[in-house]
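Biologist: I have some labels to check on this model. Tell me what stands behind each one.

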Amino acid sequence: MTLRAFMHRIAVLAVFSLLLSGCEKGNPLTVVKAVAVGVPSLAPFFDENSGLGEDAVAVRAQPVRGSLQQGDTPGLYGGSKKPTICDVTRLERFLTDPRNHAKAQAWAGVLNIGTDEIPEYLDRLTPVLLRHDTLVKNHDYKKEKAVPYNSLLQAGIAILVDEQGLPAVKCSCGNPLRPFEGDTSRISVQFEDGNKKWAGYERESVVAVKPAPRKMERVVLVDVQEPSRGIDRPVGTTGEKDTAFDPEQRRTVPDLAGRTFAQAGRELIAAGLAAGYAGPRAPSGDAKVTATDPPAGTELPFGRYVMLTVAGGSTGASGGGTGPTTTPPPPSRPHSSPPGTPPPPPSSGPSGSAGSPGSSSSSGGPGGSSSAPPSSSSGRPGASSASPSSSTAPPGSPSPHKPSSPPAGTPRTSSAPPPPPPPPPPTSASASPPASASATSAPPSSAPVTTTPVSSEPATSEPATDGPSTTVAT
């Protein structure tokens, strides 16, 4: 190889490296500190040896079907028979003690409230146990300030959640929590300071929480030690008013074809089921559902995932969708046309519910939700998180968002005056009808672009690459 050829190759490699580094700078890895069950914080707001909260050991993280889940998603949180997993009264006494005013100011500032609002705020929080390894923005207390850092809380850790299902406080140390704001598919989990990688940790089981669209009246949990026992806990109570229900009671998958992704999620939550999706990011809220797996009419236990196949939708809305479609459609079924496409031919109709090529929903499902379980033992009204009547139609009813197709054989009409009739053909008594009247022509292809899940890698103390945290094979 000549010197000139060698220098040319070096120049090409240098340009290629610059292009790659530019892409990385646009979407860098987020460093996340692992927080294991029972490992004390190095700079807590509250002394962890005083018994403020108690984590549950040996809770294995449940599989998820999408790394960004809504705060009222069935199965997100769990509980136990212990009357108190978080001593909210003690935390309130500590934060309202004048001797702890500096800590109270820093604590309240994280949650965007005044120190005088702390008692009322705490009264609206509900103790739960994590059933997933959960991403949050955590806070240490250093030099009279709250210092934020991204952390991954192990399943089994006790936290307080607010009225929209968002993690608000880590019980054992009183540290305030806020939602994780990074890209869940681009994280580098650091196991250090005594937080060793725990048994059962899987990158695919990591979840972040977004707020429920409306305040919840109750949190419906599944016992982390006895999954066959459901717990209905009113918001703002600590376990003394719990009632039990049977999570094995079957729920029917509603007909969601034609709904938006946001509407479908609300209907599933109201039915006691969870919305699942494939790919590294959630679809946009206005993407249209074309199929579900399992299909409409299937009966499932409480909190099981229903995989949604979608087409269309705006980029980046409601969960950071990166394209028109995030979940691949079933190969053997036609799709609903996404918004903006021409009307289908007369014989075309909405897409039916079909099995998605995504993961099966028969895997272990979750168990916490704001929706009341349809169980005779609960005796509670319907879910407060159900969608408003203006945006949610009952399962099986026609969607107001579906474009209605004209009846078969009905010609399309126009506001323009009809053209004069053409002269009769000389010898075409048996001529075939015009091509425009054909009712069997295939609708325009609307197969959306699919997002291929990135290969999974276990997180280590070294930066991870693009391992996803949204899809898990069971």
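Modeller: Start with a sheet in this predicted model. Three strands form it, in the order β16-β19-β17. The sheet is open and its pairing is mixed.

Biologist: What makes β16 and β17 the edge strands?

Modeller: Each of them pairs on one side only. β16 covers 274-276 and β17 covers 288-293. From one strand to the next, the twist averages 40 degrees.

Biologist: How do you know that β16 and β19 pair?

Modeller: Pairing needs at least two bridges between two strands. β16 and β19 (residues 305-311) have three bridges, so they count as paired, in the parallel sense. Ala274 stands opposite Tyr305 in β19.

Biologist: Which helix packs on this sheet, and which strands does it touch?

Modeller: Helix α5, residues 261-270. It touches β16, β17 and β19. The direction of α5 makes about 165 degrees with that of β19.

Biologist: Now the cysteines. Why is the link of Cys86 and Cys171 called a disulfide?

Modeller: The cut-off is 2.5 Å between the sulfur atoms. The sulfur atoms of Cys86 and Cys171 are 2.5 Å apart, so the pair qualifies. A search of the whole structure finds one disulfide. The angle about the S-S bond is -110 degrees, and the link is left-handed.

Biologist: What makes this a link between distant parts of the chain?

Modeller: The two cysteines are 85 residues apart. Cys86 is in the loop between β3 (77-79) and α2 (88-96). Cys171 is in the loop between β8 (167-170) and β9. Both cysteines are buried.

Biologist: Why is Cys173 in no disulfide?

Modeller: Its nearest cysteine sulfur is that of Cys171, 9.0 Å away. The limit is 2.5 Å, so Cys173 is left out. Cys173 has 1% relative accessibility and the buried class means under 20%, so Cys173 counts as buried.

Biologist: On to charges. How do you know that Asp97 and Arg99 form a salt bridge?

Modeller: The N and O atoms must lie within 4 Å. The closest ones here are 2.7 Å apart, so the pair counts as a salt bridge.

Biologist: Are Asp97 and Arg99 buried or exposed?

Modeller: Asp97 has 18%, which is under 20%, so it counts as buried. Arg99 has 74%, which is over 50%, so it counts as exposed.

Biologist: What makes Arg90 and Asp87 a salt bridge?

Modeller: Their closest N and O atoms are 3.7 Å apart, so they meet the 4 Å cut-off. Arg90 has a relative accessible area of 29%, so it is partly exposed. Asp87 is at 23%, so it too is partly exposed.

Biologist: Which parts of the chain does the salt bridge of Glu181 and Lys137 link?

Modeller: The closest N and O atoms of that pair are 3.4 Å apart. Glu181 is in the loop between β9 (178-179) and β10 (187-190). Lys137 is in strand β5, residues 133-142. The two are 44 residues apart. Glu181 is exposed at 64%, whereas Lys137 is partly exposed at 21%.

Biologist: What makes Glu120, Arg124, Glu163 and Lys215 one network?

Modeller: Salt bridges that share partners join them. The whole structure holds 14 salt bridges.

Notes: Residues are numbered from 1 along each chain as its sequence is written. This is a predicted model: local features need pLDDT of at least 70, side-chain atom pairs count only at pLDDT 80 or more; totals for chains, interfaces and linings use all residues. Side-chain values use heavy atoms; hydrogens and water are left out. A salt bridge is a side-chain nitrogen of Lys or Arg within 4 Å of a carboxyl oxygen of Asp or Glu. Buried means under 20% relative accessible area, exposed over 50%, partly exposed in between (1.4 Å probe, protein chains only). Helices (H or I, at least four residues) and strands (E, at least two) are DSSP runs, numbered from the N terminus. Axes are lines fitted to C-alpha atoms, for helices over the stretch in contact, and angles run from 0 to 180 degrees between N-to-C directions. Contact means heavy atoms within 4.5 Å.
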